[in-house]
Structure formats: C-alpha cells, structure tokens
Amino acid sequence: MAHLTQNPAEKERFICIYPVYINSKKTLAEGRRISTEKAVENPSCAEIRDVLTAAGMNVYVENKMHPREWNRDVQFRGRVRVQLKEEDGSFCQEKFGSRKDLMFYVAEMIPKLKTRTQKSGGGDASSQQGEGGKKSKKKKK
C-alpha cells in the first residue's frame, strides 16, 4: 500500500463530511451522526463548505454520494473533505478536536447563513409558494 500516505495534510487523508451526517430529517440508520436537536434540516454541501471556509479550514467538495442516500437528486449529492490535522499531527484549529466537534460546529452555523435566514424569515407558507416548488418537494406534515 505504498500509494496511501500517513500525512494528514494530504488531500486523501482529509476527513469526509456528508450532508447526511448532520441532517435532522435522517435517522441514525440512514446515516445521521449527531443528535436531532443539534442537526440541521436538509443541509447542502455548499452550505457545509461555506461554513468551514469561513472558519478558515482547508476544504474541498467532491461529487460523491453517501451509500445510504437513496435519493439520487443533485441536491443530495456531494461530500465535503476537510483537513482536520496539520502535517505534524496537530489539529488545524484547537476548537475542532474531532470529527464530532466539526459536525456540531457546522450544524450550529448553517442556520445562521444568509441563505437560510432570508428563506425562513417570511414563515413556511409564504416562502414555499415564493420559491415555486424549486426545493420544497417534500410534503409538510
């Protein structure tokens, strides 16, 4: 296995974050990794990328699917790779000491994004008709 590297700063050693991990609409069996109270409703790769880039992390997006994601829609596509550790093995940022810390941070920050705050400002009913069925294909319960 000579092609695999132990260097945490190499791109293939970055950790993967799939939107499923922090999606409050998913069950643990469907791939969610944090509690529903802390999770976000249907996060996208772009949102995860924006939050982590703003936090100063080294991030890039890949066009990959989570194996348990049955919906092949573009909206659910993608995974974010994040550099968690420096070359010497120390963490890039002290506040992110694990994958979980990173997930909790992202889930906490996504609702504060401008794209989120504008949409939810007018209440569910008005924003749903305004979007014209672009993203809100799921039935409201």
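Let me start with Phe 96, which, once its neighbours within four places in sequence are left aside, is in contact with Ala 55, Met 57, Leu 84, Phe 91, Asp 101, Leu 102 and Tyr 105. Please keep in mind throughout that this is a predicted model. Phe 96 sits in the loop between strand 3 and helix 2, and its relative accessible area is 1%, so with a cut-off of under 20% Phe 96 counts as buried. Along the chain, Phe 96 and Lys 85 are 11 residues apart, and their C-alpha atoms are separated by 9.4 Å.

Before going further, a word on the chain as a whole. The protein chain has four helices and three strands, and, read from the N terminus, the order of its elements is β-α-β-β-α-α-α. Of its 141 residues, 38% count as buried. Among contacts with a separation of 6 or more, 57% join residues that are 24 or more positions apart. The chain exposes about 9,000 Å², and carbon and sulfur atoms supply 50% of that area.

From the loop of Phe 96 we come to helix 2, which covers residues 99-109. At the start of this helix, a side-chain oxygen of Ser 98 comes to within 3.4 Å of the backbone nitrogen of Lys 100. Which residues of helix 2 are buried? They are Leu 102, Met 103, Tyr 105, Val 106 and Ala 107, and two of these names, Leu 102 and Tyr 105, were already in the list of contacts of Phe 96. As a reminder, an α-helix has 3.6 residues a turn, so residues three or four places apart point the same way. As for what the buried residues of helix 2 pack against, the partners are strand 1 (15-17), helix 1 (45-54) and strand 3 (79-82).

My next residue is Asn 23, which is found in the loop between strand 1 and helix 1. Is Asn 23 buried or exposed? Its relative accessibility is 4%, and because the limit for a buried residue is under 20%, Asn 23 counts as buried. The side chain of Asn 23 has two backbone nitrogens to consider here: a polar atom of that side chain lies 2.9 Å from the backbone nitrogen of Lys 25, and the side chain also reaches the backbone nitrogen of Asn 42 at 3.0 Å. Asn 42 appears again when we leave aside the neighbours of Asn 23 within four places in sequence, since the residues then in contact with Asn 23 are Arg 32, Ala 39, Val 40, Glu 41, Asn 42 and Pro 43.

Asn 23 also leads us to the empty space in the model. Rolling a probe the size of a water molecule over the atoms shows where empty space is left. The count comes to one cavity of 30 Å³ or more, and the volume of the largest cavity is about 30 Å³. Its lining is made up of Pro 19, Val 20, Asn 23, Lys 26, Pro 43, Glu 69 and Phe 76, which divide into four nonpolar residues, one polar and two charged.

Finally, the second largest pocket holds about 200 Å³ of space. Of the 10 residues that line this pocket, Arg 13, Ile 15, Leu 84, Lys 85 and Arg 99 are the closest to its centre. The lining as a whole divides into five nonpolar residues, one polar and four charged. Leu 84 is familiar by now, as one of the residues in contact with Phe 96, and that brings us back to where I began.

How values were computed:
Residues numbered from 1 in each chain as written. Predicted model: local features only at pLDDT ≥ 70, side-chain atom pairs only at ≥ 80, totals over all residues. Heavy atoms only, no water. 1 Å grid on protein atoms, 1.4 Å probe; cavity = no way out; pocket = protein on both sides within 12 Å on 5 of 7 lines; lining within 4 Å. Points joined across faces, edges and corners; volume = space filled by probe spheres on them. Nonpolar A, V, L, I, M, F, W, Y, C, P; charged D, E, K, R; others polar. Buried < 20%, exposed > 50% of the residue type's maximum accessible area, 1.4 Å probe, protein only. Helix = DSSP H or I, 4+ residues; strand = E, 2+ residues; numbered from the N terminus. Contact = heavy atoms within 4.5 Å. Polar contact = N/O pair within 3.5 Å; in protein donor to acceptor, adjacent residues only side chain to side chain. Areas by Shrake-Rupley, 256 points an atom, 1.4 Å probe, with all protein chains shown as cover.
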